Amino acid sequence: LIDALRGFPLAGVKEIIAQGLPFACSDILQRKLLDPLLPSSSPSSFLSSFKRAVSVISTSALGTLVSQAMHNVQFAMVANPSLSYAAAARLLWERNGASFLLNGAASRGGLMLLVSALNDL
């Protein structure tokens, strides 16, 4: 059981970024960028809902991409209990090069979008 919990501080930071970024920044993106670009007549209009969805999806995608390397390092540490944080990152770099920073991001994307949408309710 203890090996399954290896890298949990990294997992915590990863989740703060992946879920916290959309929760904290989607409203800012909507107000500062989307609202001026696409003014809507009423807060309950289709356009307003569309802008909200675009802002949540965009920030979710960014949060997933930014946190993917941490996700990969954590999984490497769980899979190989002898690895430290640095050793896991080094091993992933040696095996995959820079692609280890984003490998697997697409498979996490749908889940992150769903979680962000539920957080927004």
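Select Lys14 to start: at 6% relative accessibility this residue counts as buried, a word reserved for residues under 20% relative accessible area, with exposed meaning over 50% and partly exposed anything in between (1.4 Å probe, protein chains only). The model in the viewer is predicted, so local features need pLDDT of at least 70 and side-chain atom pairs count only at pLDDT 80 or more, while totals for chains, interfaces and linings use all residues. Residues are numbered from 1 along each chain as its sequence is written, and side-chain values use heavy atoms, with hydrogens and water left out.

Staying with Lys14, colour helix H1, residues 8-37, where Lys14 has its place; helices here are DSSP runs of H or I with at least four residues, numbered from the N terminus. Next show Glu15, whose side chain makes a polar contact of 3.5 Å with the side chain of Lys14; such a contact is a pair of N or O atoms within 3.5 Å, where within protein one must be able to donate a hydrogen and the other to accept it, and residues adjacent in sequence count only if both atoms are side-chain atoms. Then add Ser67, Met70, His71, Gln74 and Arg108, which are in contact with Lys14 when its neighbours within four places in sequence are left aside, contact meaning heavy atoms within 4.5 Å.

Now select helix H2 (residues 46-79) together with helix H3 (residues 85-96), whose axes come within 9 Å and cross at roughly 105 degrees; the axes are lines fitted to C-alpha atoms over the stretch in contact, and angles run from 0 to 180 degrees between N-to-C directions. That crossing makes H2 roughly perpendicular to H3, the term for angles of 65 to 115 degrees. To see where they meet, show Asn72, Val73, Ala76 and Met77 in H2 against Tyr85, Ala88, Ala89 and Leu92 in H3.

The last stops are two aromatic pairs, in which rings of Phe, Tyr and Trp (its six-membered ring) have centres within 6.5 Å, with planes under 30 degrees apart counted as stacked, over 60 as edge-to-face and the rest as tilted. Phe46 and Phe50 form a stacked pair, 6.3 Å centre to centre with 25 degrees between the planes, and both lie in helix H2, four residues apart, about one turn of the helix. Phe46 is exposed at 70% relative accessibility, whereas Phe50 is partly exposed at 42%. Finish with Trp93 and Phe100, whose ring centres are 6.2 Å apart and whose planes stand at 85 degrees, so the pair is edge-to-face.

Notes: Helices (H or I, at least four residues) and strands (E, at least two) are DSSP runs, numbered from the N terminus. Angles under 35 degrees count as roughly parallel, over 145 as roughly antiparallel, 65 to 115 as roughly perpendicular and the rest as oblique.
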